[in-house]
Number of protein chains: 2
Amino acid sequence: MKERTVGLETFMRPPAPYGLEIIESCVKCPHREERLFCNLPEAGIKRLAEITSSATYPRGATLFVEGQALRGVFILCNGQVKLSTTSADGKTLILRIAEPGEVLGLPATVTGKPYELTADVVEPSQANFISRAEFLGFLREHGDAALRVAQQLGETYHSAIVEMRNIGLSHSASKKLARFLLELSPRETNGKDGIRVKLTLTHEEIAQMIGASRETVTRMFADFKKKQILEVKGSTLIIKNKAKLASIARE
Amino acid sequence: MKERTVGLETFMRPPAPYGLEIIESCVKCPHREERLFCNLPEAGIKRLAEITSSATYPRGATLFVEGQALRGVFILCNGQVKLSTTSADGKTLILRIAEPGEVLGLPATVTGKPYELTADVVEPSQANFISRAEFLGFLREHGDAALRVAQQLGETYHSAIVEMRNIGLSHSASKKLARFLLELSPRETNGKDGIRVKLTLTHEEIAQMIGASRETVTRMFADFKKKQILEVKGSTLIIKNKAKLASIARE
DNA sequence: CAACCGCTGTGACCGGTATCACCACATCGA
DNA sequence: TCGATGTGGTGATACCGGTCACAGCGGTTG
């Protein structure tokens, strides 16, 4: 694996022993089965390691920008990356926050079109980069990997559909916010007084995720607090009444 | 190729000489390069023909239903199929109208999840069916086909994103309708008085495509007519002032 | 033919939300 | 220390568009 500078504000990671690291990180990876290429035959993993370059990114760095000429895929090792798209009049829609293990820029890379989204780092991240040419070559050599890629794409598509239904069909901001909060489950832990969720997004960003204005998000939060559904302590959110939240989300 | 009964209201097509038809229809296919598997090596096509079964469907037939256990993919040969999704409270969102050459049920088939959409026939259609097991087997044997599948998925995803941006970011119904009309280009022909588009959808269906109510669609149409942008003659729509329509779509 | 159905066309009403304008804090760097 | 900047919180207002109600208007069907 080679080190590589990416974009403008990129910090370098100390060099790693050649070829070993991706395998190693694979073995250590907590959600190993979810990772795209981890259970390939040995030779495949080795080849993959050769064409991969790794880099770390600080908060605020940008992996790629919507419409930008395509370079390749980024495999997110850790951290969080915000995927968004912007309309002509400057409004932004955040599609989702990518978690470790996800492969970013995959649709663009396989189709050869420009990136369809913008990827911004929200939590300091480490990502492995593979250029398009090498990635496609790899897929051609390893048929099962191609199939695995297709599966990833299918799942991404599926979640896009779900997202779409949520945004397109419910014009009520409270519903959308409730649904959004309920879908934070990957980040949740149980506390004595309810489910605790770490939520680093600003109201503005939440608004962009559910297709509403910043002010209404603020108001909805106030409303939910008044109704004893939520509580906010710093950057952690406590869901005190999940059932009620769910009922708001439903109807 | 074997014939196969699908669903409830299926009409049978006369049997075809074994193995030949898909190749034949491929050769005849007007958008050959767009079709997924047409330029595979001979052996691949032959194998594909063996596992394919064909059927024709009348208007109103249903290929598959959202949430339904997955059976396999449908390759649309001709006709039009409406792809939609429904929310808990019964509202429907139409994602797009599939055109010949498209592969339906692909994301679900590769991921193994239930169908994520409902597919209804709007224009009498012929489709080739391949069961999941056989399809996956085929992909495993033919690595390049898997890659091609990934590309299709990537493109479908891309169009979903575009759709999403349109619906999620513009809360103005006029914008959304204008944009929708401008995207009808595949069906358009030029007339002396403007661009003529064949549009068989009802106002209700258009409403479901752009995330609005039936009445507002009717009103917007009236408005556009008054502004000399549109004209409607039966099921053909004449866009008299595309520039104006585009400017509405933009801002 | 009447009866019925699905589609289009309108009017009236009203609620949710975007928008604007402003304030109150924090945090941060000069 | 003092602005500058980003964020949360709130009120007032306008207005878009959803919803309801109903009326015409081809079709189709018995």
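Okay, so let's start with β4 of chain B and its short partner, strand β6, residues 103-104: the two run antiparallel and are joined by 2 bridges. I75(B) is the residue that sits opposite V103(B) in β6(B). Keep in mind as we go that this is a predicted model.

Staying on β4(B), which covers residues 72-86, there's also an antiparallel pairing with strand β7 of chain B, residues 118-131, and that one runs over 11 bridges. If you want a spot to click on, take N78(B), which faces Q126(B) in β7(B).

And β4(B) has another partner, strand β5, residues 92-98 of chain B, again antiparallel, with 6 bridges. There, T85(B) has L93(B) as its bridge partner in β5(B). Those two strands form a hairpin with 5 residues between them, and inside that hairpin G90(B) takes a positive phi near 90 degrees. One background point while we're looking at strands: in a regular strand, side chains alternate between the two faces of the sheet.

Right, next sheet. What is the strand order in the open sheet of 4 strands in chain B? Reading across, you get β8-β9-β11-β10, with antiparallel pairing. The edges are β8, at 188-191, and β10, at 230-233, each of which pairs on one side only. From one strand to the next, the twist averages 25 degrees. Further in, β9(B), residues 194-198, and β11(B), residues 236-239, pair antiparallel over 4 bridges. K198(B) has T236(B) as its bridge partner there.

Flip over to chain A and you'll find an open sheet of 4 strands ordered β8-β9-β11-β10, also with antiparallel pairing. Its edge strands are β8 (188-191) and β10 (230-233) of chain A. Neighbouring strands in this sheet are turned against each other by 25 degrees on average, ignoring direction. β9(A) and β11(A) pair antiparallel over 4 bridges, and K198(A) stands opposite T236(A).

So how do the two chains relate? Chain B goes onto chain A with an RMSD of 0.1 Å, using a turn of 180 degrees and a shift of 0.0 Å along the axis. That's the relation of a two-fold axis. The same surface serves both copies, too: 97% of the contact residues of chain B recur in chain A.

Now the interface itself. The contact takes 39 residues from chain B and 38 residues from chain A. On the chain B side, the elements giving two or more residues are α3 (106-111), α4 (132-141) and α5. Which of them gives the most? That would be α5(B), with 21 residues. By class, the chain B side splits into 17 nonpolar, 11 polar and 11 charged residues.

Let's zoom in on the α5 pair, then. In both chains α5 spans residues 143-169, and the two axes come within 9 Å and cross at roughly 15 degrees. Angles under 35 degrees count as roughly parallel, so α5(A) is roughly parallel to α5(B). The crossing of α5(A) and α5(B) is left-handed. As for what's in that helix-helix contact, the classes come out as 20 nonpolar, 8 polar and 1 charged.

If you open the model afterwards, put α5(A) and α5(B) on screen together, with their axes within 9 Å, and then go back to the hairpin of β4(B) and β5(B) to find G90(B).

How values were computed
Residues are numbered from 1 along each chain as its sequence is written. Chains are lettered from A and ligands numbered from 1 in the order in which they are written. This is a predicted model: local features need pLDDT of at least 70, side-chain atom pairs count only at pLDDT 80 or more; totals for chains, interfaces and linings use all residues. Copies are superposed by least squares on the C-alpha atoms of residues with pLDDT of at least 70 in both. Two residues are in contact if their C-beta atoms, placed from the backbone, lie within 7 Å. Two strands pair if DSSP finds at least two bridges between them. Axes are lines fitted to C-alpha atoms, for helices over the stretch in contact, and angles run from 0 to 180 degrees between N-to-C directions. Angles under 35 degrees count as roughly parallel, over 145 as roughly antiparallel, 65 to 115 as roughly perpendicular and the rest as oblique. A crossing is left-handed if the near helix is turned anticlockwise from the far one by less than a right angle, and right-handed if clockwise. Ala, Val, Leu, Ile, Met, Phe, Trp, Tyr, Cys and Pro count as nonpolar, Asp, Glu, Lys and Arg as charged, and the others, Gly among them, as polar.
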